Amino acid sequence: MWIQPVTLRGRFVRLEPMEPRHAPDFLTAADPELYRHTVQHPPEWTVAGFEKEIATVVAMPHSVAFAIVLESTGKAIGRSTLMDIKPEHRGVEIGRTWITRPMHGTMVNPEVKLLMLRHVFEEISPPAIRVQLTTGSTNKHSQRAIAKLGAVREGELRDSRIVTPRDPTQPQEIRGTIYFSILAAEWAGVKRGLEERLAKFEA
């Protein structure tokens, strides 16, 4: 594979290949609202349910899934994935991400993105040409977070996804998909912005 499961270490978090052992931490860190905008969710809100979801995500083709582990506690506080890996085009998407709610707006998301982007733009060979990020048209929080990275908004694929809610009594939703990207030529500026954001937490 062009992109291999590896551990990526930062100052505040490390990304390690996601495994069933992370399920108890995920159960503690997650809440159902974090899964509202995604088609993947635990079949039940238990350790076993998270183990099943981890197995499903890890088995998906053309992807490498990571647990986000907080270095200060050693606990997994979320996940993210390098997905839709296309070695023939040197392209990859960052997605299937959630971070425990108390860590929103902290150093965690910028460091996670710095580690993943640095890995694909600098550490693998040949390096990536394009990194894609997508989010649902209703997920305004995610759209703002991606734009804050310095990613370029490319547009919307309208009514592109049917989302089945966890609650079977609720109707399915039809949503659009918003596309963002970061190109190799833009990486230096994006990297500088992420490092400046992280420096504020290190002061």
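This text walks through a predicted model, from its sheet to its helices, ring pairs and cores.

Start with the sheet. Eight strands make it up, and it is open. Their order is E1-E2-E3-E4-E5-E6-E8-E7, with mixed pairing. Strand E1 (8-9) and strand E7 (152-163) stand at the edges. Each has a single partner strand, so one side of each is left without a neighbour in the sheet. Further in, look at E3 and E4. These two pair in the antiparallel sense, over seven bridges. Ala65 stands opposite Thr81 in E4.

Next comes helix H2, residues 47-58. How far apart should the ends of its 12 residues be? At 1.5 Å a residue, the expected span is 16 Å. The end C-alpha atoms of H2 are 16 Å apart, which agrees. Five residues of H2 are of interest here: Gly49, Phe50, Glu53, Ile54 and Val57 are buried. Viewed down the axis of H2, the buried residues fall within an arc of 135 degrees, so they line one face of the helix. What covers them? The cover of the buried residues of H2 includes helix H1 (23-29), along with strands E3 (64-70), E4 (75-86) and E5 (91-99).

Now turn to the aromatic rings. The structure holds six aromatic pairs. Take Phe26 and Trp98. Their ring centres are 5.3 Å apart and their planes stand at 70 degrees, so the pair is edge-to-face; the cut-off for that class is over 60 degrees. Phe26 lies in helix H1 and Trp98 in strand E5, so this pair ties together parts that are 72 residues apart in sequence. Both Phe26 and Trp98 are buried.

A second pair joins Tyr35 and Trp45. Here the centres are 5.9 Å apart and the planes are at 90 degrees, so this pair is edge-to-face too. Tyr35 and Trp45 both sit in the loop between H1 and H2, 10 residues apart. Are the two partners buried or exposed? Tyr35 counts as buried, because its relative accessibility is 2%. Trp45 has a relative accessible area of 27%, so Trp45 is partly exposed. Ring pairs join Phe26, Tyr35, Trp45, Phe50 and Trp98 into a cluster. Phe50 is also one of the buried residues of H2.

The nonpolar cores come next. In soluble globular proteins, nonpolar side chains tend to be buried together. In this model the largest nonpolar core has 39 residues. Which members touch the most others? They are Ile3, Val108, Leu117, Val120 and Leu133. Helix H3 (residues 108-123) gives the most to this core, with eight residues. Val108 belongs to that helix. Leaving out residues up to four places away in sequence, Val108 touches Val13, Ile68, Leu70, Ile77, Ile99 and Met103. Apart from the largest core lies another, of 15 residues. Among its members are Ala23, Leu34, Ala67 and Ala76.

Last, consider a polar residue, Ser137. Where is Ser137 found? Its place is the loop between strand E6 (130-136) and helix H4 (140-149). Ser137 has a relative accessible area of 17%, so Ser137 is buried; the cut-off is under 20%. What does Ser137 touch? Not counting residues up to four places away in sequence, its contacts are Gln143, Glu156, Arg175, Gly176 and Ile178.

Note on methods
Residues are numbered from 1 along each chain as its sequence is written. This is a predicted model: local features need pLDDT of at least 70, side-chain atom pairs count only at pLDDT 80 or more; totals for chains, interfaces and linings use all residues. Side-chain values use heavy atoms; hydrogens and water are left out. Helices (H or I, at least four residues) and strands (E, at least two) are DSSP runs, numbered from the N terminus. The expected span of a helix is 1.5 Å times one less than its number of residues. Buried means under 20% relative accessible area, exposed over 50%, partly exposed in between (1.4 Å probe, protein chains only). The arc is that of the directions from the helix axis to the C-beta atoms. Contact means heavy atoms within 4.5 Å. Rings of Phe, Tyr and Trp (its six-membered ring) pair if their centres lie within 6.5 Å; planes under 30 degrees apart count as stacked, over 60 as edge-to-face and the rest as tilted. A nonpolar core is a set of buried Ala, Val, Leu, Ile, Met, Phe, Trp, Tyr and Cys residues joined through side-chain atoms within 4.5 Å. Two strands pair if DSSP finds at least two bridges between them.
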